[in-house]
Protein chains: 2
Amino acid sequence: MYLWHQYYNYMFSLSEENYLKSIYHLEAIHGKGISTNSIAKKLETKASSVTDMIKKLAEKEVLVYKKYQGVSLTILGRKEATTIVRKHRLWEVFLVDKLNFSWDEVHDVAEQLEHIKSPKLIDELDVFLGFPKMDPHGDPIPDKEGNFQKIEKRLLSTLEEHKTGICVGVNDSSSDFLKYLDKNNISLGQKIKVLSKESFDGSLTILIHSKEITISKKISNNIYIQ
Amino acid sequence: MYLWHQYYNYMFSLSEENYLKSIYHLEAIHGKGISTNSIAKKLETKASSVTDMIKKLAEKEVLVYKKYQGVSLTILGRKEATTIVRKHRLWEVFLVDKLNFSWDEVHDVAEQLEHIKSPKLIDELDVFLGFPKMDPHGDPIPDKEGNFQKIEKRLLSTLEEHKTGICVGVNDSSSDFLKYLDKNNISLGQKIKVLSKESFDGSLTILIHSKEITISKKISNNIYIQ
DNA sequence: AAAAATATTTAGGCTTATCTAAAAAATTAT
DNA sequence: ATAATTTTTTAGATAAGCCTAAATATTTTT
């Protein structure tokens, strides 16, 4: 039986929620007017499937859609997406703080947990965890009202030679990337100094934990510093 | 060993898991050979849908099915079902012990949480909760290997006049029933004495918390005592 | 501005899990 | 043992969410 009979305000399927979340994340980067193709790429699906789904979501008034012109979330859609993000990040904190998960293990499980429908569950979890402001990857956790602090941060790849920054987040939460960081002792709160920058390929030689290592542009493009 | 075998429990859909769980619970009451109709009733679906699904589950070798003869879980099917029950009950303990849920609020949320797929999650949750043996309704929680202690218990409705028992479980975890129990101060561990039994309708007058109350047969049929 | 390339939508199908209605088998009653 | 009833299965339909292939619209290149 359908759950939204009980929780009228939670009337989205798992698939619809994933679309909303993806569009939300894309809007955070590219602003309004998200293309069909970019959504398809993000969700690893086909553009035709995206067209089908955005028509449905437009009817539910969580986004605005005009043929060939991309989509934008409405206030309602953004609220819904923010709730999903809130759930995802709170569950990640739970897994790391309470269940001994490492930061590279939480993403896939949180992808499932974020779809659990119970307003009480998520708000009590927030209380239980002590109202955390950040998830294990340094991303902000929206509060009950959907507000969160946007922290100052820039990509490590934009830091000038001889300057120092503190790692405050990552741009990729995949297990592979995070394991790479672990292997190289790069973690949140860590001081990183750029010793030199290779102009040909953008690779950086950095000082971390009093050790020199060289990282590719792809890596430095996925590390946020402050 | 093949990879899929290690994660064999990953290959069931939410719907398949619900069928397995229902058949498991029905077998606990009625033994092997569960009828199509009883499964349909339990899952609030149609017999024809059940026939379709049990054919599919038989192909996956989690149950044995012969036309017109009902179904029985295989070892594999029982193991899978036990895992789902383990997850359901551990999540219920989590909700009550850590998130301030009352015992009448946990069932629906646990119905969702039990389908989250992550072996590490459930075993770490077990550790975090201190390896609980019982859920908030007095039902035993299977351990990692699927073993659990079957506790001695009988229905309150079978207790003779003037005898006393201790409430150790309930046979219905619906919010309505549990709220009724709360209202009448009936909870796990509570001493209950049967003062008199009405032979016409089976209703009982019981002494609980030094107070006399009368409960219907339907109620006493859903309370387990020891 | 026309041609080429790219992006998006439409049309038609597939799969899963459900349903209703009808047929078939099993059980119960007479 | 036959008729009536109940249970179960089959047949065919539906909806969600995805797919491929083809058509159409938009953008870029020349």
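**Exercise 1.** Classify Phe131(A) by its accessibility and describe its backbone.

*Solution.* Phe131(A) has a relative accessibility of 46% and therefore counts as partly exposed; buried means under 20% relative accessible area, exposed over 50%, and partly exposed in between (1.4 Å probe, protein chains only). Next, its phi is positive, about 50°, although Phe131(A) is not a glycine. Finally, the residue lies in the loop between α6 (119-128) and β3 (154-155) of chain A, where helices (H or I, at least four residues) and strands (E, at least two) are DSSP runs, numbered from the N terminus.

This is a predicted model, in which local features need pLDDT of at least 70 and side-chain atom pairs count only at pLDDT 80 or more, while totals for chains, interfaces and linings use all residues. Residues are numbered from 1 along each chain as its sequence is written, chains are lettered from A in the order in which they are written, and side-chain values use heavy atoms, without hydrogens and water.

**Exercise 2.** Determine which residues are closest to DNA strand C and which part of the strand the protein approaches.

*Solution.* First, 20 residues surround DNA strand C (each with a heavy atom within 4 Å of the strand). The closest are Lys55(A), Lys67(A), Thr45(B), Ser49(B) and Lys56(B). Second, of the strand's atoms within 4 Å of the protein, 74% belong to sugar or phosphate and the rest to bases.

**Exercise 3.** Identify polar contacts (pairs of N or O atoms within 3.5 Å) to phosphate oxygens of DNA strand C.

*Solution.* From chain A, a polar side-chain atom of Lys55(A) lies 2.4 Å from a phosphate oxygen, and a polar backbone atom of Asn37(A) is 2.8 Å from one. From chain B, a polar backbone atom of Lys46(B) is 3.2 Å from a phosphate oxygen.

Note on methods
Polar contact = N/O pair within 3.5 Å; in protein donor to acceptor, adjacent residues only side chain to side chain.
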